[in-house]
Amino acid sequence: MAGNRGRGRAAYTFNIEAVGFSRGDKLPDVVLKPPPLFPDTDYKPVPLKTGESEEYILALKQELRETVKRMPYFMETPEEKQDIERYSKRYMKVYKEEWIPDWRRLPREMMPRKKCKKGSKPTKMKDTDKGTSLTNTADVLKKIEELEKKGDGEKSDEENEETEGSKEKNKEDEDDEDDAAEQEEYDEEEQEEENDYINSYFDNGDDFGVDSDDNMDEATY
Amino acid sequence: MTQAEIKLCSLLLQEHFGEIVEKIGVHLIRTGCQPLRVIAHDTETSLDQVKKALCVLIQHNLVIYQVHKRGVVEYEAQCSRMLRMLRYPRYIYTAKTLYNDTGELIVEELLLNGKMTMSAVVKKVADRLTETMEDGKTMDYTEVSNTFVRLADTHFVQRCPIVSATETAEPTPPPPAPTLVINEKDMYLVPKLSLIGKGKRRRSSDEDAAGEPKAKRAKHIESKEPIPDDGIYWQANLDRFHQHFRDQAIVSAVANRMDQTSSEIVRTMLRMSEITTPSCAPFTHPLSSNEIFRSLPVGYNVSKQVLDQYLTLLADDPLEFVGKSGDSGGGMYVINLHKALASLATATLESVVQERFGSRCARIFRLVLQKKHLEQKQVEDFAMIPAKEAKDMLYKMLSENFISLQEIPKTPDHAPSRTFYLYTVTVLSAARMLLHRCYKASSR
């Protein structure tokens, strides 16, 4: 701006005395490396407050950290599936309470939609029926249908079992129970409609999950 | 939200709820209001997991939802509420000092679970207390309920907003999300429950194997009974706890400055205005000296005259914690909450400067605080510190942002040789900067 515009001349644009160096003083050395990461300070920090209340609060904090990990709100990341299912894993499962929120207080889109999934399965089957019958290869198609129905029967039976199990584990009673009961009935009805087989063919009951490791039994002798 | 605060929130969420919830929570803090599908898309997590995580966050009052036009529900994270999670142990300890173990456990359960119904809280707390008691003794529900009622009366727990009971008009489909309303009067109203029962001890471990399926079935049957206070949820009222901390700080400050008796007087005044004064009011309701005299704790045999003398002394104190607002009833006194907090903040700043930079720096700091704006030369003169050292200290404090520079140009072109540079302390920004540093430190 106005004033000394000497090109190349070492002139300061501000009053040097205001900064603290009088004319002719040696300027401090130029620093060429970044400042140290943990510089020594002249004044050490004041020690932490310790006392009965502080220790109690500290103990509370440690306890809290442990407790929150066991709460049902702590969502664990699903582990990747290992190649070989370890025997010990089955018996080291930690028993955790199920928590069902009060659906009346949450937006409707929060509810997991189980009905749609179950509803679409039988309709999918119907579609495939129609589709396959058009192609006119009867025997192969019949086999595929039977296998599908078998597969569906197993899967929906398993889901049935799980909903029953989770219902029992449910300690707080929430409205979801009615929903679960409704869905269960719905499933059973569907089952009876779609399957030609008697439900008791697969005598799953309580042994179903346990035997999942064994080879799928083609027939029970 | 500053970066340090976001980092701290993410660490807290991860510790309390796991990684999935942390990812969703941090995303919401960074981006503000978002609908469900956008969250799922941006965080690349499955819709199912996003729903579960949001349920957990809403349960703990960390996320709120709003229905926007066209029926879209948007979710917003409450960052300040997440930072309060740091203080949970302190809240629990406060409840313990005021209401013993029962109160402590009630507040702990409410904090861990977000919101709960009264019957559930009472039951859980009774069970926990029974376990710690000697064999054969059990904790009665009535005792726990009484403590709960006392907590509600002193506003430490409050009711959550309830689902507004709009009539179900058949033609219109139900709204995508319930609207939650709460009436001011109902916030601390305890429902009339007759909770009869005793705490149950958990079965000993050798009965466990046989006991578990039976226990499961027993609970299943129990839960079929309708809960009498279904839908009425309670949460911990954090503002009230903060108010309590503030009161404690003021009382201890008065005790340090004057003596024990005056701090007791101030404590009485604060206790009387606990419920009547809203938490962000600049000063409490005026209290007459007669009322204070009547409400003093029984053990203190302070005569009326002595009390009046103390009150006058407090009102004349330059710190202005207590002010006189009138003369009726023997003198009406108020506590200047804002002023008290401001002076406490300033005192904290001063002590930080002293510990960090030394007592000479603290002298300069107090000087600039008192005189508001000072030039460099004036600083040297008033503080009676040699020029070089004064400059050095000023620049050190300037670089740490405790002090700031105010330019006042003499000429329109702002030439540096012809402007005044004044040093000043802006308490608010300095305080915020300190807070930010604290957040940074706690995230490490």
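**Hairpins, sheets and helix pairs in a predicted two-chain model**

In the hairpin built from S10(B) and S11(B), 5 residues sit between the strands, and one of them, Gly329(B), takes a positive phi near 65°. This is a predicted model, so to speak of local features at all a pLDDT of at least 70 is needed, side-chain atom pairs count only at pLDDT 80 or more, and totals for chains, interfaces and linings use all residues. As for bookkeeping, residues are numbered from 1 along each chain as its sequence is written, chains are lettered from A and ligands numbered from 1 in the order in which they are written, and side-chain values use heavy atoms, with hydrogens and water left out.Back at the hairpin, S10(B) (residues 322-326) and S11(B) (residues 332-335) run antiparallel and are joined by 4 bridges. Strands here are DSSP runs of E with at least two residues, helices are runs of H or I with at least four, and both are numbered from the N terminus; two strands pair if DSSP finds at least two bridges between them. Across the hairpin, Lys324(B) stands opposite Tyr333(B), and Gly323(B) faces Val334(B). The hairpin belongs to an open antiparallel sheet of 3 strands, ordered S9-S11-S10 in chain B. Its edge strands, each pairing on one side only, are S9 (287-288) and S10 of chain B. Helix H11(B) (residues 260-272) packs on this sheet and touches S9, S10 and S11 of chain B, with its direction at about 85° to that of S11(B). Contact means heavy atoms within 4.5 Å. Axes are lines fitted to C-alpha atoms, for helices over the stretch in contact, and angles run from 0 to 180 degrees between N-to-C directions.

Chain B has another open sheet of 3 strands, with the order S4-S8-S5 and antiparallel pairing. Here the edges are S4(B) (116-117) and S5(B) (157-159), each of which pairs on one side only. S5(B) pairs with S8(B) (residues 233-236) in the antiparallel sense over 3 bridges, and Gln158(B) has Gln235(B) in S8(B) as its bridge partner. Lying across S4, S5 and S8 of chain B is helix H6(B) (residues 88-113), which runs at about 100° to S8(B).

On to the helix pairs. Two packed helices are described by the angle between their axes and the distance between the axes. For H14(B) (residues 337-357) and H15(B) (residues 359-371), the axes come within 7 Å and cross at roughly 150°. That makes the two helices, H14(B) and H15(B), roughly antiparallel; the cut-offs are under 35 degrees for roughly parallel, over 145 for roughly antiparallel and 65 to 115 for roughly perpendicular, with the rest called oblique. The H14(B)/H15(B) crossing is right-handed, a crossing being right-handed if the near helix is turned clockwise from the far one by less than a right angle, and left-handed if anticlockwise. H14(B) brings Thr346(B), Leu349(B), Glu350(B), Val353(B), Gln354(B) and Phe357(B) to the contact, and H15(B) brings Ser359(B), Cys361(B), Ala362(B), Phe365(B), Arg366(B) and Leu369(B). By class, that contact holds 7 nonpolar, 3 polar and 2 charged residues. Ala, Val, Leu, Ile, Met, Phe, Trp, Tyr, Cys and Pro count as nonpolar, Asp, Glu, Lys and Arg as charged, and the others, Gly among them, as polar.

The axes of H2(B) (residues 19-31) and H3(B) (residues 36-43) come within 11 Å and cross at roughly 110°, which makes H2(B) roughly perpendicular to H3(B). This crossing, too, is right-handed. Lys23(B), Ile24(B), His27(B) and Leu28(B) of H2(B) meet Ile39(B), Asp42(B) and Thr43(B) of H3(B), a set with 3 nonpolar, 2 polar and 2 charged residues.

A few single residues deserve a look. Most residues other than glycine have a negative phi. Asn61(B), though not a glycine, has a positive phi of about 65°, and its place is the loop between helix H4(B) (47-59) and strand S2(B) (63-67). Met384(B), also not a glycine, has a positive phi of about 55° and sits in the loop between helices H16(B) (376-383) and H17(B) (387-399). Met384(B) is exposed, with a relative accessible area of 68%; exposed means over 50%, buried under 20% and partly exposed in between, using a 1.4 Å probe and protein chains only. Arg246(B), in helix H10(B) (residues 238-257), counts as buried at 12% relative accessibility. Leaving aside neighbours within four places in sequence, Arg246(B) is in contact with Ser279(B), Leu337(B) and Leu341(B).

Chain A, for its part, has 6 helices and 0 strands. Of its 221 residues, 17% count as buried. Among chain A contacts between residues at least 6 apart in sequence, 70% join residues at least 24 apart.
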